[in-house]
Amino acid sequence: MNTKTTTIASENQGIPFGQQCLEVWNRYSMYIIFGIIVVISALISDAFFTQNNLINVLKQVSVNGIISMGMLLVIIIGGIDLSVGSVLALTGALVAGLQLKLPLYQAVSLALIAGALPGLISGFFITKTKMAPFIMTLAMMTIARGMGFIYSNGTPIQVSNERFTELGGGTLGIIPYPVLIMLGVALIIHFIVKRTTFGREVIAVGNNEEAARLAGIPVNRIKLLTYTICAALSALAGIVLTSRLYIAEPMAGSGFELDAIAACVIGGASFNGGIGNVPGTLIGVVTLGLINNIMNLLNIQSYPQQVIKGLIIIAAIVARREEKR
C-alpha cells in the first residue's frame, strides 16, 4: 500500500461507507468518467483502439489542449477569457499573411507578440477599471474577430511556406508535432503551477484575492500576466492550426473558448477560483476529443453531435460535485 492510499484510508477512518464512496468519487470522478468513455468507445467501435485512430484523436485535440492550458490559469485566479477563439483566428491570419512577406521566424514571432496583446489589454482593463472579466473578454472577442476580418479582408489566406506547414503536419517518429507542442506546453504550465512562486501566487489570488493582497502578493500584476499568457497560448494554438490546415480562416476558432472552458471544468477546475490542475485538464481535453471521435466513428451527423456533446458535458460536470474549499 503506497503513501497516498494510506493517507486516504487514514482520512476515511470512522466515516460511513457511503460518504467514503462519495469522497472517492469527488477526488477521482474525472478519471472514472474518462475510463467509462474509453470502455464504451472500445465496445462500440473496433476501430477505436487502432494506432492511427488514437494518434488522430491526440492530433485533433492538440489545439484545444494548448488553449486550455492558458484558460486553466485564468480560471484558477477566478477569471474567464472568452476571447481565445478570436485571438486564435487573428493570429492565424497574421502569421499566414506575414509568412508571405517576412522570414518565417520573424512572421511567427510577430504573430505571437500580436496575439499576446489582447490578453495584456484585457488584463489591464480588468485590473485597473475592475471591469468584469466576462464583459471585458467578451468585448475583446468581438474586437479580435473584427481585426482578423479586417486584416484578411474576410477571405481565407493560403499558406505556401513548406517549413511552416511542417510545424503542423510533421511528426517525430509516430507522434505529430502539434501533440508534442501540446505536451510541452502542459509540462511548462504544470511546472509553473506546482514549482514556481508565480504559480503559488496564482492559486492564492484565486483562493482569496483580498487575503493575497494583504499578504503582499501583487494581485494586479498576477492577473495581468495570467491573461497575457492565456492569449499568448491562444496565439500559439492559432499558429499550429494554420500550419496544420495550410490556410487561415477568419472564422476559425469559433466555439473554441467553450471547449477550453469545458475541458478545464471537466478536469476539476472550479469557477470559484483556486482549484485546477494540468493533468486533470489534459484528461478533460482528451475526454472531449474521444466524445467527438466516437461520434464520427458512428457516423453521427454534425448537428446531433453538438447536442449529444453538450448533454455529455453537462452530465460530466453535474456528476462531479463541486469541491469545497
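Select A93 in this predicted model; the residue is found in helix α4. A93 has a relative accessible area of 3%, which is under the 20% limit, and therefore counts as buried. Display next the residues in contact with A93, leaving aside its neighbours within four places in sequence: G148, Y151, S152, I157 and A248. For one of these, S152, the separation along the chain is 59 residues, while the C-alpha atoms of A93 and S152 are 6.3 Å apart.

Extend the selection to the whole of α4, residues 84–98. Its 15 residues should span 21 Å at 1.5 Å a residue, and the end C-alpha atoms are 21 Å apart, so the expected and modelled spans agree. The helix is mostly covered, with 15 of its 15 residues buried.

Colour next the spans that the unreviewed UniProt entry annotates as "transmembrane region": residues 28–49, 70–98, 104–127, 134–154, 174–193 and 224–247. Two of them can be inspected in turn. In residues 104–127, the span is 100% helix and 0% strand, and the end C-alpha atoms lie 35 Å apart. Residues 134–154 are 90% helix and 0% strand, with 27 Å between the end C-alpha atoms.

Move now to K130, in the loop between α5 (104–128) and α6 (133–152). K130 has a relative accessible area of 56%, over the 50% limit, and so is exposed. What is notable about its backbone? K130 is not a glycine, yet its phi is positive, at about 60°. Most residues other than glycine have a negative phi.

A second residue to select for its backbone is Y246, placed in the loop between α11 (219–245) and β4 (247–248). Y246 likewise has a positive phi, of about 65°, although it is not a glycine. Is Y246 buried, partly exposed or exposed? Its relative accessible area is 42%, so Y246 is partly exposed.

Finish at the largest pocket, which has a volume of about 750 Å³. Of the 27 residues that line this pocket, select N64, D259, L288, N292 and K309, the closest to its centre. The elements giving two or more residues to the lining are α3 (51–76), α11, α12 (256–266), α13 (278–297) and α14 (302–319). Which element gives the largest share of the lining? That element is α14, with 7 residues. Colouring the lining of the largest pocket by class shows 14 nonpolar, 10 polar and 3 charged residues.

Definitions and conventions. Residues numbered from 1 in each chain as written. Predicted model: local features only at pLDDT ≥ 70, side-chain atom pairs only at ≥ 80, totals over all residues. Heavy atoms only, no water. Helix = DSSP H or I, 4+ residues; strand = E, 2+ residues; numbered from the N terminus. Expected span 1.5 Å × (residues − 1). Buried < 20%, exposed > 50% of the residue type's maximum accessible area, 1.4 Å probe, protein only. UniProt positions renumbered as here; feature names shortened; annotations may be inferred. Contact = heavy atoms within 4.5 Å. 1 Å grid on protein atoms, 1.4 Å probe; cavity = no way out; pocket = protein on both sides within 12 Å on 5 of 7 lines; lining within 4 Å. Points joined across faces, edges and corners; volume = space filled by probe spheres on them. Nonpolar A, V, L, I, M, F, W, Y, C, P; charged D, E, K, R; others polar.
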